[in-house]
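Trainee: I have a model open and want to learn to read its helices. Can you take me through it?
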Amino acid sequence: MAGLARKDILGLQEMTVEEIDLILDTAEALKDLATRPIKKVPTLRGKAIVTLFYENSTRTARSFELAAKYLGADVINVSAATSSVQKGETLKDTARNLEAMGIDAVVVRHSMGGAPHLLARALRASVINAGDGLHEHPTQGLLDMLTIRQRKGGFKGLKVAIVGDSYHSRVARSNIYGLSKYGAEIWLAGPSTLLARGFEAYGVRTTTRVEEALEGADVVNVLRLQLERQEKGLFPTVAEYHKFWGVTEARLRLAKPDALLMHPGPMNRGVEISTAVADGAQSVITEQVTNGVAVRMALLYLLLGGGEPA
């Protein structure tokens, strides 16, 4: 299996269909590793990986850590709250110091869009974007695509409704960039103040009526209401948000009976999604989490160990 012909993973906007196919195919091949009694292979033995998180994370940070450990790599976790960032050190200096210790890859999450791109230009080590500002979250986009492909067999012609706060969502942007390359029909639904703009060139349709987006949908991807990123006054109240834009059982019935219900987590139950929907038969939310480890194993393997047997 050949590796990727690129040093870094910064976003799905810049990736080709062939690259995405390779990542998803590799993730499929590696996914079973996480269910084996002994979850470790020596493929990346001797490689050192740093997760550098300037924003809080549970799923993404631990998913990368497990993925690296399953492949035999050594992992160091660094958070801004406990690093020299608190003493005024810049992102680039922090990363360069870590590189001077011999690391092979940096997984970075940062509140500023473009921070991973800055590191990619400054470091010889590979850089993987674990979410940057309002820009992209490519590994979440890839694990969403893997989940859809496993359940639906492909993407072309699928109606994908992305519901909620797409304006502040890097997940929505990576979904748009990735799925549009394969011919999916993408809808954004939510309050007008929380709808991402400027995606007409990707064929994206927007609506303030959740029902319009859900009608006949094959995939419903519910976004978290990101209160920490918002200014005040973008919608009336949390209760009214749920009333007008929350995905409930009644609204989900507008989608196809076999529609997938997705959420990148963490969920605000009773706000953007009801508990009945989150835990319902159509929910594939835990499958997304499982696929997240597989996708991150695939990326580390393709960037650092491609060509060696997994």
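Mentor: We start with one helix, then a helix pair, then one strand residue. The model is predicted: local features need pLDDT of at least 70, side-chain atom pairs count only at pLDDT 80 or more, and totals for chains, interfaces and linings use all residues. Residues are numbered from 1 along each chain as its sequence is written, and side-chain values use heavy atoms, with hydrogens and water left out.

Trainee: What span should helix α2 have?
Mentor: Helices are DSSP runs of H or I, at least four residues; strands are runs of E, at least two; both are numbered from the N terminus. The expected span is 1.5 Å times one less than the number of residues. For the 12 residues of α2 (residues 59-70) that gives 16 Å, and the end C-alpha atoms are 16 Å apart, so the two agree.

Trainee: Which residues of α2 are buried?
Mentor: Buried means under 20% relative accessible area, exposed over 50%, partly exposed in between (1.4 Å probe, protein chains only). Among them are Phe64, Ala68 and Tyr70. The buried residues of α2 pack against elements including β1 (48-53) and α11 (285-305); contact means heavy atoms within 4.5 Å.

Trainee: How do α5 and α6 cross?
Mentor: Axes are lines fitted to C-alpha atoms, for helices over the stretch in contact, and angles run from 0 to 180 degrees between N-to-C directions. Here the axes come within 8 Å and cross at roughly 55 degrees.

Trainee: Where is Val219?
Mentor: Val219 is in strand β8 (residues 219-222). Its relative accessibility is 1%, so Val219 counts as buried. Val219 touches residues including Ile148 and Leu260.

Conventions:
Lists of a residue's contacts leave out its neighbours within four places in sequence.
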